[in-house]
Every structure is written in structure tokens, then in C-alpha cells.
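Please read the points below with the model open beside you, and check each one against what you see on the screen.

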Amino acid sequence: MSLFYRLAYAAGFAPWEKAARHGPAAGQIAALLDREQEERRLPLGRALDLGCGTGYWAVELTRRGWSVTGIDLVGSAVQAARDRARSAGVAVRLVRGDVTALRDYGVEPAFDFFWDFGMLHGLAPEQQTGAGREIDAVAAPGATLLMLAWRPGWRGPLPHGMSASDIDAVFPDWRVIDTIPFDATGLPPPLRTVEPRVYRLRRSGS
């Protein structure tokens with residue numbers, strides 16, 4: 001998937017980012033993030049944006065009061081994220097690195113919140129297992145993970161997706177506490193049938 005994303009960002013093709021910032025999807029994501037804030041005491045703590053892309057959500061989370069680290073494997077996307085954070089006047093730590101080896105890139109415990117807008121479901125199974133292991137290693141007890149995943153299926157270079165059982169296997173020490181259908185309005189036509197869902201997971205220790 002890294003080659004696909006490198007080519008997509010190089011061509012300026014990132015409909016997943018545009019769709020998330022407008023229309024019903026934007027309101028739905030805002031409500032999900034509002035809930036995370038409402039259930040916590042201030043200060044909110046540390047958040048890790050997995051596959052941060054050009055940094056839209058990393059900047060938004062920072063504005064909401066989180067201490068944010070964003071990580072992405074695509075160099076051009078990370079540079080765009082740095083430019084976005086600079087323009088917004090916010091401090092975000094942005095790392096070019098691999099989510100299957102977070103600690104190798106200086107991503108250290110303990111994070112209270114993880115945001116994944118469709119990164120994990122595009123990895124190969126062995127990469128998902130590695131990412132799950134690394135996320136667990138840097139998560140605080142009781143941490144929350146919000147992740148978007150499509151229904152599993154072959155889609156060429158696009159993400160294969162993940163099922164609830166796939167997620168359980170990748171995160172054995174976490175439990176799914178909520179599953180929310182995600183509004184696909186604004187996505188390209190082939191992606192309106194992927195049945196996207198947002199899974200909310202809680203790490204043991206809460």
C-alpha cells in the first residue's frame with residue numbers, strides 16, 4: 001500500500017482526506033472526537049495519528065487540546081503535514097516512519113488516544129499484526145483507538161479492509177466497545193459500497 005499512497009499523494013489524489021473534511025463525514029468525525037473529549041478530564045493527554053497523511057487530523061486534534069504525534073511512511077505527505085501545522089501555528093510532532101516499528105522511530109509510551117482514518121485496513125495481514133503489537137506497546141492503560149475500516153474484499157491497489165474478527169486478532173488486549181456505520185457520501189463511486197465502519201477500541205487496564 002505504501003507505493004499506492006506515494007503515487008496518490010505525488011499526484012495530489014487524496015479523496016479520502018477531502019471527503020472527511022466536508023459534508024456528513026465531517027460532522028460524524030467531529031461528533032466522534034467530541035465524545036472522546038467529553039469522557040476525559042483536562043488536559044486531554046497524548047494522541048497518535050496513525051497514517052497522518054497531510055496532517056489535517058493531526059492539526060485538528062492539536063487544536064482540540066491533545067498533544068499530538070503524527071506518523072506516515074510517505075515523505076511528501078509528512079512534509080505537507082509539517083507545512084500545514086506551521087501555517088496553522090500549532091505544534092505537532094510529525095514523524096516519517098513505519099507503524100509496524102513505532103518504537104524504532106522514537107515513538108514512545110504512553111499514548112491515551114489513537115486515530116486511524118483508514119490506514120490499518122490497507123496493510124497486509126502480517127503488517128497489521130506488527131502494527132497492533134507496536135500500538136499496544138506505546139498505549140497507556142485504558143487508551144482508546146478509533147479506526148475506520150471497510151468491509152473486507154479485493155479492490156486491486158485499494159485497501160482490502162478488515163472485519164471485526166480481524167480487528168480482534170490484531171488487538172487481543174483490546175476490546176471493541178462500539179461500532180458505528182460511517183457515512184461514505186463524497187467518496188468516489190466505487191467506494192460507496194465498501195460499508196465503512198468506525199470501530200472504537202479500549203485497551204485493557206481501564
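1. S76 is partly exposed, because its relative accessible area is 42% and the partly exposed class covers values from 20% to 50%. Please keep in mind throughout that this is a predicted model.

2. As for its setting, S76 belongs to helix 5, which covers residues 75–88, and this helix lies across strand 2 and strand 3, running at about 170° to strand 3. Although 23 residues separate S76 from G53 in sequence, their C-alpha atoms are 8.8 Å apart in space.

3. The sheet is an open one, in which seven strands follow the order 3-2-1-4-5-7-6 with mixed pairing. Strand 3 (93–96) and strand 6 (174–181) stand at the edges and have a single partner strand each, so one side of each has no neighbour in the sheet. From one strand to the next, the twist averages 15°.

4. Within this sheet, strand 1 pairs with strand 2 (residues 67–72) in the parallel sense, over five bridges; L50, for instance, has I71 of strand 2 as its bridge partner.

5. L50 also appears in the largest nonpolar core, which has 27 residues, and is listed among those with the most contacts inside it, together with residues including F114 and W174. Several elements supply at least two residues of this core each, among them strand 1 (46–50), helix 6 (125–138) and strand 7 (197–203), while strand 5 gives the largest share, five residues.

6. Leaving aside residues up to four places away in sequence, W174 touches F114, I135 and L201, among others. Another core, of 26 residues, lies apart from the largest one and includes L33, L44, V59 and V78.

Technical notes: Residues are numbered from 1 along each chain as its sequence is written. This is a predicted model: local features need pLDDT of at least 70, side-chain atom pairs count only at pLDDT 80 or more; totals for chains, interfaces and linings use all residues. Side-chain values use heavy atoms; hydrogens and water are left out. A nonpolar core is a set of buried Ala, Val, Leu, Ile, Met, Phe, Trp, Tyr and Cys residues joined through side-chain atoms within 4.5 Å. Buried means under 20% relative accessible area, exposed over 50%, partly exposed in between (1.4 Å probe, protein chains only). Helices (H or I, at least four residues) and strands (E, at least two) are DSSP runs, numbered from the N terminus. Contact means heavy atoms within 4.5 Å. Two strands pair if DSSP finds at least two bridges between them. Axes are lines fitted to C-alpha atoms, for helices over the stretch in contact, and angles run from 0 to 180 degrees between N-to-C directions.
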